[in-house]
Structure formats: C-alpha cells, structure tokens
Amino acid sequence: MIAKNEGILLTLTGGVRLKQRVQHPKVNECRDRGAPYWFFRYWSDELRPDGTVKTSRKRHIIGPSRGPNAIGKKQAEINRDNFLANLNAAPSRCEAAAMAKEPAQVGAIIFGKLAEMWRTDFVEREVGGRTLIAASTRAKYIIHLENHILPRWKDTRIAEFRTKEVLDWLQTECESWHMMADLRNIMSGIFSKAQEWEILPDTFANPMHRVKLPRKWEVREKRILTEDQTVRVLDWLEDPHLLICETCLDTGTRISEVTGLKIKHVDLDQGCIRIEQRNWRGDIDEPKTAKSKRTLALAALTERYRTWIASLERRDPEAWVFPQDQDKREPMWDSGTRSVLKKAAAAEGCDFPGLGPHSLRRANITWRQEVGGSSIETSQIAGHANTKITEEYTVVQLRRQEELTRRIQAKRMKAGKRRQGKVVEIKGADTAV
C-alpha cells in the first residue's frame, strides 16, 4: 500500500524527482561548541510547493563524544549510515517522505493531474456495469472541467491556490451565479474526493471553502404560463407531445421521467404511474434522487393513457409508452416536445426564455399549493429532496397575491362592520337612557 501511495504522489506531483546521491560523509568531532559531540554534513534536497528543488548543506548532530553518555566513533558511523539510508535509497522526495514515515509535501500536487484522476476514477467509473453518477451530471462535470476549469488551473499546484484569484476568475469566467456555484463546487469536490481517497490528509484545508460567492441572482426570471395561456398553448399540440406536456403539468413529473415510462410503469386500474427510471437523451438510469422514485396519481389522465397505450404497436411490459417514430424499440427524447411547445407558445405570443416542459413542472408545483396542497405534500409529489427546493420552484403569481390580499381585506372589513354594529348598539343604549 505504501508503494502504491508513493507512486500516486509521484504521478500527481508531475514526476518531480530529486537528485539521487550516494552520500557517505566523514564523521567529525566538534570540540569548540560546549560539550564535544559527533556530527557530519550532508546535502538535503527539498521540493518546494512550486515544484522547484532547493538544495542545501546541513549539519546533523549524532551524539556526545565525551562524558557519561558518550558514544564511540564506530557507533557514530553506524548512526550516520542509518540516517542516510533513506536519502541514498529514495529517488524522489515523495518516496523519501514515505520511507521516513514523514508527511509528503502534498502542496506540490498538480491540480490538473488530481482532476484527471477524479474524472477517471469517479466521474467516468463504472461498477458492475453501472456508473457512479447520473449521465446528465457526468456530462455537466466534463463540460465544465474541459471548457473552464482545466484551461485556467491545469498546471497549478494545490499550494498555489489563493481565494481572491479563484473568486476573480469565477466572476470573470461565469455568466450566472449558478455557473459560479457549479465551478466552485466541482473544484471543491475534487479536493474532497482526494481526502476521501487518503491522497490528501484530513488536516488539508480545502481552498474552495474560503471562496464565498456574492449574493445569488437569477439570469432568467422565474416564470410560468397563466392558466389561460396554458390552455391556449396546449390547444396547438397533438399526442404524444400533448400527453407528455399534460403529464408534466398535472403530476409534476420531470420530462425525463415521462419519456422513461414503460408499459409496466402504468397502472390503469389504480390510475397511477410509477416513477422508477428516467431517460436523459437515450441514457436510461435511475431517477435524479432517491426521493424521485414515487407513485403519482393520473386522475383524469387515466383514460387519456388508456387510449394512447391501446394505439401503440407494442404493448408488452417492457415496451416504451412514448417510443420514437423511427425506432419503436427506443424512447422519445425531450427535444421534440420542447420544440413544439416553444412554437405553440410563440404562436400565442406568450413565449419566454426558459419556457419548456420544466416550466410545466414548475407550474404544477405552484398550482398544487394554490389549490390547498401543503409544501410537504408538494415536495414529496415533486420528488424533491427537501422543501427548500420546492420553495425555489414556487412562483407566487400576481393573481394569487391579489386573491390573498382581497381575502385579508374582506376579513378586515368584516371585523370593521362588526365593530361598527357594536358602536351603534352602544350609542342607541345611551340614547334610551
């Protein structure tokens, strides 16, 4: 295991090697500095964080040469040989540190090589024929790594990272707050994984933890279509795109979950669908999170599904509910539905940046709470990890605000009328007296 770690460190530091010497200096006795002692001088090579090597001449004191605890010259020479054994045998600073059981200088590790290991052994690793992370997440990591992170930090040694330099780069490189967060989190994850793999010690301070992002902002306004706009846009669509959009809108599913449905996932007797997998651009995998596996009620959509499934050529349990036109053995992609939805919205004059099937999911989350669903119910139905994510999805529309405001005003006016009636009653009693 030690040899393996030595090899990893040597690779991650760029294969930097120190001068290999066979030193056998003479043991001398010093008599002019207080109590006499045995010593020798030797050459020491130190690897700096920037990868350069500093060579210096050092003195090593062996032990007293006179007095009650003195050792003989022969013993002093044996002690000298034991001390130099590691320096003479180790061809690199990493190996010398491992042999001497001293911590290696991890600051010399090149970030690009560490990122390459992270990509190979984590992002792209398959275990038992299954990837460790979802295909969509894997694609995002690789794109950010190749297009943004490595071009700037590939040759940087981890001891050279400075918070201000990273923050300045993020603010220059990124067009949105979310992109800044993604890049920082990916780099932080690389360091964290290196600690998990015991390449970096637990005491290593992750430099990304000190990178504090500015206040969050949104590039695109969070918007959904109104009820009237939604009806008008959906009138333009035909099945299967219409049924897919209705499913996203009525049940709050992600479109990848809808296009990932097989016949076995639809229970027409119970009027529900079981979300057990997702389809991301032809990559079939488990849903986004553990809580995304859920059963959703179809309600009025049950008959729509019954009619649609009856029209399919293949209706066996493994058949796709929404197969491709060209190849019935493959599921539809989301791009086709997104395209027709955008065209329909444009035709109705209500298109906006970011409009797509995901906007319908956002509308479901918003409307479900408007009709009386609690945030906890909405969160669980949406398959969110927690209610904080549901909060991010919820759009408090102006119409909804007006409705709630009018309810408050009506409540206040009702209380005012009650009070006015009491005042009139009291005045009438005074008059009678």
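Modeller: Before we start, a definition: two strands count as paired if DSSP finds at least two bridges between them. Please keep in mind also that this is a predicted model.

Colleague: How many residues lie between β6 and β7 in their hairpin?
Modeller: Strand β6 covers residues 266-267 and strand β7 covers residues 272-275, and two bridges join these antiparallel strands. Within that pairing, Val 266 stands opposite Ile 273, while Asp 267 stands opposite Cys 272. The turn of the hairpin includes Gly 271, which has a positive phi of about 70°, and the number of residues between β6 and β7 is four.

Colleague: Which residue of β10 stands opposite Cys 272?
Modeller: Besides its pairing with β6, strand β7 is joined by four bridges to strand β10, residues 294-297, and the two run antiparallel. In this second pairing, the residue of β10 that stands opposite Cys 272 is Ala 297.

Colleague: Which are the edge strands of the open sheet?
Modeller: The sheet has three strands in the order β6-β7-β10, with antiparallel pairing. An edge strand here pairs on one side only, and the strands that do so are β6 and β10.

Colleague: How many helices are there in the chain?
Modeller: The chain has 433 residues, of which 41% count as buried. Of its contacts with a separation of 6 or more, 62% are between residues 24 or more positions apart. Alongside 10 strands, the number of helices in the chain is 16.

Colleague: How many of the 11 residues of α9 are buried?
Modeller: Helix α9 spans residues 241-251 and is mostly covered, and after the helix comes Gly 252, with a positive phi near 80°. The buried residues of α9 include His 241, Glu 246 and Thr 251 as well as Leu 242, Leu 243 and Ile 244. Of the 11 residues of α9, the number buried is 10.

Colleague: Why is α6 described by one particular word relative to α7, and which word is that?
Modeller: The axes of α6, residues 163-173, and α7, residues 177-196, come within 9 Å and cross at roughly 140°. Because angles count as roughly antiparallel over 145 degrees and as roughly perpendicular from 65 to 115, this crossing falls into the remaining class, which makes the relation of α6 to α7 oblique.

Colleague: How many residues in the contact of α6 with α7 are nonpolar?
Modeller: In the right-handed crossing of α6 and α7, α6 contributes Trp 169, Leu 170, Gln 171 and Glu 173, and α7 contributes Met 179, Met 180, Leu 183, Arg 184 and Met 187. One residue of this contact is polar and two are charged, and the number that are nonpolar is six.

Colleague: Is Met 187 buried or exposed?
Modeller: Met 187 has its place in helix α7, and its contacts beyond four places in sequence are Phe 111, Ile 149, Trp 153, Phe 161, Trp 169 and Met 208. Since residues under 20% relative accessible area count as buried, the 0% relative accessibility of Met 187 makes this residue buried.

Colleague: What separates the C-alpha atoms of Met 187 and Phe 111?
Modeller: Phe 111 is one of the residues in contact with Met 187. The two are 76 residues apart along the chain, and the separation of their C-alpha atoms is 9.3 Å.

Note on methods:
Residues numbered from 1 in each chain as written. Predicted model: local features only at pLDDT ≥ 70, side-chain atom pairs only at ≥ 80, totals over all residues. Heavy atoms only, no water. Axes fitted to C-alpha atoms, helices over the stretch in contact; angles between N-to-C directions. Parallel < 35°, antiparallel > 145°, perpendicular 65-115°, else oblique. Left-handed = near helix turned anticlockwise from the far one by under 90°. Contact = heavy atoms within 4.5 Å. Nonpolar A, V, L, I, M, F, W, Y, C, P; charged D, E, K, R; others polar. Buried < 20%, exposed > 50% of the residue type's maximum accessible area, 1.4 Å probe, protein only.
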